[in-house]
Amino acid sequence: METSTSEGLTEQLIDHLNGLDFITRIDVIGSRVEQTSDAYSDVDLLLTIKDITPHIALYEVTESVKEKFQPAWYDFANSLMPDKFLVSTFIGGDNPFTFYDIGILNSEKNLVYDKTLFENDQWIHLMKLWVMNFKYMMRDAPQFEKRFATMMEKANLSHHSDYRRGFYQLLLKLKDKKTIRRGYLNMLEEVLRNS
């Protein structure tokens, strides 16, 4: 699989986020900065904000990105909240693994926030798990087998020791749903076929 040229999209996204008056700083962090990225790497952005709480900032960022870029998907990392408010989104490109994790750290220990603002579509969440777990498999990550089993259980599919078959079965199930753009799922199928 070829690495996507995502620099142009990254610049467009950062320029757009810089236009939001409550964002004071945007840092690219993670593997892209550490020069350890590969064809399966996403792009991690960390936002510094002012005059607004982190949960409202993330909600506003997500709505603004949806309006501007019409992403193929977005998914909130609810398990990280309230320590970190993070949304993952795919806004375009030829590599389905080059999505953006946009995060905001929270230092307010007793933050009360409306969890209904960050509800995920279950099928998009499963699709994100597919992407993450495929990445773990290709990188031979130690946590892969356990996470793969959990993903298959959430999808109500039997666990397969033939992981590629399991990924394909889940992909077929995702294709039956109308919540995910067909073009994105076709990219995942091509990656699976060519890996």
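**A walk across the sheet**

Okay, let's start with the sheet: five strands, open, in the order E1-E2-E5-E4-E3, with mixed pairing. Keep in mind that what we're looking at is a predicted model.

So, which strands stand at the edges? Those are E1, residues 23-29, and E3, residues 73-76. Each has a single partner strand, so one side of each is left without a neighbour in the sheet. And if you look at how neighbouring strands sit against each other, they're turned by 20 degrees on average, ignoring direction.

Quick reminder on what holds this kind of thing together: strands of a sheet pair through backbone hydrogen bonds, either parallel or antiparallel.

Now let's walk in from E3. E3 and E4 run antiparallel, and four bridges join them. If you want a spot to find on screen, take Asp75: its bridge partner in E4 is Ser88. Stay on Ser88 and carry on across, and you reach Asp101, its bridge partner in E5.

That brings us to the next pair. E4, residues 84-90, and E5, residues 100-105, are also antiparallel. How many bridges join E4 to E5? Six. One place to look is Lys84, whose bridge partner in E5 is Leu105.

Let me stay with E4 for a second. Is E4 largely enclosed or left open? Six of its seven residues are buried, so E4 is largely enclosed by the rest of the structure.

Last stop, a helix. H4, residues 122-138, lies across E3 and E4. Relative to E3, helix H4 runs at about 90 degrees.

That's the tour, thanks!

Terms used. Residues are numbered from 1 along each chain as its sequence is written. This is a predicted model: local features need pLDDT of at least 70, side-chain atom pairs count only at pLDDT 80 or more; totals for chains, interfaces and linings use all residues. Side-chain values use heavy atoms; hydrogens and water are left out. Two strands pair if DSSP finds at least two bridges between them. Helices (H or I, at least four residues) and strands (E, at least two) are DSSP runs, numbered from the N terminus. Axes are lines fitted to C-alpha atoms, for helices over the stretch in contact, and angles run from 0 to 180 degrees between N-to-C directions. Contact means heavy atoms within 4.5 Å. Buried means under 20% relative accessible area, exposed over 50%, partly exposed in between (1.4 Å probe, protein chains only).
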